[in-house]
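Student: Could we go through the empty spaces in this model together, and then talk about the ligand?
Tutor: Gladly; let us look at it first and begin with the pocket.

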Amino acid sequence: MANIDNVDSIEIRPLAGVIGAEIFGVDVASGLSNLAREQIHQAFLDHKAIFFRDQNLSPRQLVDFAGLFGKPGIYPFVKHVDDYPEIIELLTTETDTVNFGRNWHSDTTYMPKPFLGTVLYALETPSFGGDTQFANMTAAYEALSDGMKAMLDGLHAVNSSAQKRLGGRANKMKALSAMKDTYVKESEPIEAVHPVVRTHPETGEKALYVNRSHSVHFDGMTEEESEPVLKYLFDHCTRPEFLCRFRWEPGSIAVWDNRCTLHQAIGDYFGSRRRMHRVTLEGDAPA
Ligand code: SIN
């Protein structure tokens with residue numbers, strides 16, 4: 001593979017006030033120079049979610065590109081695509097009335113070492129709708145009062161795969177006409193306790209680390225005691241000024257940092273087909 005130094009042509013265009021940037025002038029399949037790789041990785045840390053358009057990647061090239069941001073891992077709850085254990089297919093068919101990833105979350109916060117980041121590559125997209133929104137959890141943390149920060153700094157939250165607040169993950173997966181066959185159901189919900197405010201291991205920035213899909217209650221408190229504050233935080237961190245929204249086309253790629261962002265896939269395109277390939281990157285224990 002040629003090692004083209006196309007760093008001069010790279011253009012990084014922010015997408016919104018505090019999160020998201022589109023990167024132009026890069027063919028990610030063509031073999032990036034070390035300098036281009038460094039620039040892209042820095043943009044990932046600076047903007048927390050980065051986007052590329054008009055890319056054309058084989059599954060092997062997708063996994064290799066994902067390796068720029070971390071070690072591609074195995075997502076245990078959806079069967080991988082043939083020959084590529086690191087890739088799963090997210091498919092909404094024309095008959096589906098639910099979609100995967102439709103509520104605000106950070107990926108797999110119910111695991112002891114949640115995925116560091118995610119790379120999503122669009123193969124088929126609806127002619128309109130099906131955008132993904134992202135929230136900057138560092139900006140959300142920084143906007144809290146000193147009193148709230150002091151209260152949250154020492155707290156931990158229990159995160160669960162059950163998605164009880166949203167009607168249950170198994171029910172949602174059963175309703176997906178294609179993905180129900182690739183869903184690998186956990187025998188018991190998986191739970192992990194993580195700090196409510198985590199420090200990013202690469203930037204040193206603090207970020208809120210709770211989400212509506214998986215955070216059930218504060219450790220050592222009941223669900224009833226926790227819910228009012230959690231609800232406040234869920235609403236707070238998705239205020240419009242902390243968000244960006246990405247419009248997909250076939251060949252688009254998004255890469256987001258699960259350590260300091262939330263995302264949700266908007267379910268507004270039913271009757272159309274949307275097919276994506278996803279690679280998740282191994283992470284560490286939040287601290
Ligand atoms: C996800 O939550 O990983 C899916 C996001 C999307 O399909 O836009």
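Student: Which helix and which strand each supply at least two residues of the lining of the largest pocket?
Tutor: This is a predicted model, and in it the elements that each supply at least two residues of that lining are strand E11 (215–218) and helix H6 (223–237).

Student: How much space lies in that largest pocket?
Tutor: The largest pocket holds about 180 Å³ of space, and of the 13 residues that line it, Gln163, Lys164, Arg165, Val216 and Glu223 are the closest to its centre.

Student: And how does the lining of the largest pocket divide by class?
Tutor: That lining has six charged residues, five polar ones and two nonpolar ones.

Student: Switching to closed spaces, how many cavities of 30 Å³ or more are there?
Tutor: The count comes to three cavities of 30 Å³ or more, and the largest cavity has a volume of about 160 Å³. Of the 17 residues lining the largest cavity, those closest to its centre are Phe100, His105, Gln163, Lys172 and His214, and by class the lining divides into eight polar, five charged and four nonpolar residues.

Student: Where does the ligand sit, then?
Tutor: The ligand takes up the space of the second largest cavity, whose volume is about 120 Å³. Of the 13 residues that line this second largest cavity, Leu90, Leu120, Trp256, His263 and Ala265 are the closest to its centre.

Student: Which element gives the largest share of the lining of the second largest cavity?
Tutor: Strand E14 does, with three residues, and the elements giving two or more residues to that lining are E14 and E15.

Student: What polar side-chain atoms lie close to an oxygen atom of the ligand, and at what distance?
Tutor: Threonine 132 has a polar side-chain atom 2.6 Å from an oxygen atom of the ligand, while for arginine 274 an N or O atom of the side chain is 2.8 Å from a ligand oxygen, and for arginine 278 a polar side-chain atom also lies 2.8 Å from a ligand oxygen.

Student: How much of the ligand does the protein bury?
Tutor: The protein buries 100% of the 260 Å² that the ligand exposes when taken alone.

Student: Which other residues are around the ligand?
Tutor: Besides Thr132, Arg274 and Arg278, the residues around the ligand are Leu90, Gly101, His105, Leu120, Trp256, His263 and Ala265. By class, this shell has four nonpolar, four polar and two charged residues.

Terms used:
Residues are numbered from 1 along each chain as its sequence is written. This is a predicted model: local features need pLDDT of at least 70, side-chain atom pairs count only at pLDDT 80 or more; totals for chains, interfaces and linings use all residues. Side-chain values use heavy atoms; hydrogens and water are left out. On a 1 Å grid over the protein atoms alone, a cavity is a set of points where a 1.4 Å probe fits but cannot get out, and a pocket is an open set with protein on both sides within 12 Å along at least five of seven lines; lining residues have an atom within 4 Å of a point. Grid points are joined across faces, edges and corners, and a volume is the space filled by probe spheres set on the points. Helices (H or I, at least four residues) and strands (E, at least two) are DSSP runs, numbered from the N terminus. Ala, Val, Leu, Ile, Met, Phe, Trp, Tyr, Cys and Pro count as nonpolar, Asp, Glu, Lys and Arg as charged, and the others, Gly among them, as polar. A residue is near a molecule or strand if one of its heavy atoms lies within 4 Å of it. A polar contact is a pair of N or O atoms within 3.5 Å; within protein, one must be able to donate a hydrogen and the other to accept it, and residues adjacent in sequence count only if both atoms are side-chain atoms. Accessible areas come from the Shrake-Rupley method with a 1.4 Å probe; for residues, only the protein chains shown count as cover. A molecule sits in a cavity or pocket if more than half of its atoms lie within 2 Å of its grid points.
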